[in-house]
Amino acid sequence: MSIYFHDIPKIAYQGPNATSDFAYRHYDPDRMVMGRRLEDHLRFAVAWWHGFAWPGGDPFGGQTFERPWFGDTMDHARLKADAAFELFGILGQPFFCFHDADIRPEGADFAENTARLDEITDYIGTKMEATGTRLLWGTANLFSHRRYMAGAATNPDPDVFAFAAATVKSCIDATKKLGGANYVLWGGREGYETLLNTDLKRERQQAGRFLQMVVEYARKIGFDGTILIEPKPQEPTKHQYDYDVATVYGFLKDFGLEGEVKVNIEQGHAILAGHSFEHEIALAAALGVFGSIDMNRNDYQSGWDTDQFPNNVPEVALAYLEILKAGGFTTGGTNFDAKLRRQSLDPEDLVLAHVGAMDVCARGLMAAAAILEDGAFETARVARYAGWQSSNLLEQDLESITARVLADGINPQPRSGRQERLENLLNRFV
Ligand code: XUL
Ligand code: CO
């Protein structure tokens with residue numbers, strides 16, 4: 001029996017000429033692309049928070065959405081789970097993601113929070129078994145409650161660190177119980193508003209030790225998923241410690257965790273950091289820490305983290321190109337950490353947002369695969385670096401190189417980077 005998405009049919013692949021809104025035009029889960037099913041390449045996940053917990057507020061006004069599950073009882077939480085699984089059944093995407101605070105109402109203290117989390121994850125686990133929908137990742141919301149206003153792991157008050165540590169333990173337990181493929185840490189308020197009241201060096205130490213504890217505990221209980229940090233440069237704090245992929249990598253090296261923790265890269269966060277999405281993915285892959293993605297864009301004019309569903313195929317194609325070059329996802333996937341616009345009130349808005357996003361990503365991934373299979377970019381890249389194939393310069397030192405420059409009369413002649421040709425070539429695929 002439908003509880004919320006009345007009369008909305010299960011979405012099926014109908015091809016580019018489909019006439020209904022409620023159809024996939026490009027996302028054909030069983031289509032083979034580079035030897036792998038499209039569903040297994042993309043590994044789509046619905047985010048519980050934006051889809052079911054977010055009330056439609058903005059800085060100038062509050063709730064616009066009226067959902068029957070809005071409320072703070074466990075009955076509301078169960079109804080919310082029922083609605084979520086109804087959407088999953090309509091979309092047929094393989095995964096979902098959650099924060100503890102999305103799926104259970106806030107309790108009076110840590111013990112009540114944990115009891116509620118246990119209860120609702122039992123309920124969700126039964127639904128997962130019945131439907132086959134899996135958990136891409138779980139995480140703890142360590143940023144919404146006022147106790148975290150000055151940070152969680154980086155808080156000046158050790159009691160907040162303790163509460164956050166215990167909360168993360170409970171969320172790793174819940175993620176393991178539900179068979180989660182990854183566990184994510186986004187440092188929402190792990191940063192500062194002003195250096196005038198902040199001991200930056202101490203806070204960084206606290207964050208490093210916190211992450212070590214997370215890794216130690218996850219390994220101790222046999223959680224075999226990947227632990228992921230999600231970089232973001234600012235918002236909500238003025239300056240966040242996990243600024244971008246490069247910063248997170250330096251942080252991981254500093255605390256001996258570079259072999260243990262990978263990154264969950266969000267398109268909007270990359271752009272807030274002044275990078276492109278594909279830059280962040282390529283860098284993570286080069287450093288051996290690429291894990292997963294949050295596929296949600298910002299508005300290019302507003303400069304805020306607007307968390308919109310993807311709608312730009314060429315942009316998405318460049319991201320998947322780097323992912324495919326890195327060998328594709330292993331435990332990671334494509335999570336839509338995206339919310340509706342606050343005027344999009346209806347159940348069908350939530351369905352169509354995901355349908356469109358999945359089609360855009362499918363087109364992007366197929367274009368990326370076609371680029372790789374064509375091979376022209378790789379040929380051009382190999383030719384550009386060809387001189388290095390027979391060179392032993394990197395084993396030498398400045399003196400021996402200087403001697404060679406003098407002896408051989410080395411006098412390099414610049415060569416075209418051929419960017420416009422390559423951009424024209426790209427446009428044949430996207
Ligand atoms: C916030 C954000 C979070 C994380 C999970 O910008 O991206 O939703 O993905 O906490
Ligand atoms: Co995110």
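Mentor: In this predicted model, a cavity is a set of grid points where a 1.4 Å probe fits but cannot get out, and its lining residues have an atom within 4 Å of a point.

Trainee: With that in mind, which residues lie nearest the centre of the largest cavity?

Mentor: The structure holds two cavities of 30 Å³ or more, and about 200 Å³ of space lies in the largest of them. That cavity has a lining of 18 residues. Those that lie nearest its centre are Leu185, Gly187, Glu190, Phe210 and Asp242.

Trainee: Where does ligand 1 sit?

Mentor: Around ligand 1 are twelve residues by class, with four nonpolar, two polar and six charged. Among the residues around the ligand are Trp49, His99, Phe143, Lys232 and Asp305. As for the site itself, ligand 1 sits in the largest pocket.

Trainee: How much of the area that ligand 1 exposes when taken alone does the protein bury?

Mentor: It helps to begin with the polar side-chain atoms beside the ligand, where one of glutamate 230 lies 2.7 Å from an oxygen atom of ligand 1, and one of histidine 269 lies 2.9 Å from an oxygen atom of the ligand. Aspartate 337 likewise has a polar side-chain atom 2.7 Å from a ligand oxygen atom. Taken alone, ligand 1 exposes 290 Å², and the part of this that the protein buries is 94%.

Trainee: Turning to the whole chain, how far apart do the C-alpha centres of domain 1 and domain 2 lie?

Mentor: The chain is divided into two stretches, with domain 1 covering residues 32–374 and domain 2 covering residues 379–427. Between the C-alpha centres of domain 1 and domain 2, the distance is 41 Å.

Methods:
Residues are numbered from 1 along each chain as its sequence is written. Chains are lettered from A and ligands numbered from 1 in the order in which they are written. This is a predicted model: local features need pLDDT of at least 70, side-chain atom pairs count only at pLDDT 80 or more; totals for chains, interfaces and linings use all residues. Side-chain values use heavy atoms; hydrogens and water are left out. A residue is near a molecule or strand if one of its heavy atoms lies within 4 Å of it. A polar contact is a pair of N or O atoms within 3.5 Å; within protein, one must be able to donate a hydrogen and the other to accept it, and residues adjacent in sequence count only if both atoms are side-chain atoms. Accessible areas come from the Shrake-Rupley method with a 1.4 Å probe; for residues, only the protein chains shown count as cover. On a 1 Å grid over the protein atoms alone, a cavity is a set of points where a 1.4 Å probe fits but cannot get out, and a pocket is an open set with protein on both sides within 12 Å along at least five of seven lines; lining residues have an atom within 4 Å of a point. A molecule sits in a cavity or pocket if more than half of its atoms lie within 2 Å of its grid points. Ala, Val, Leu, Ile, Met, Phe, Trp, Tyr, Cys and Pro count as nonpolar, Asp, Glu, Lys and Arg as charged, and the others, Gly among them, as polar. Domain bounds come from an automatic or database domain assignment. Grid points are joined across faces, edges and corners, and a volume is the space filled by probe spheres set on the points.
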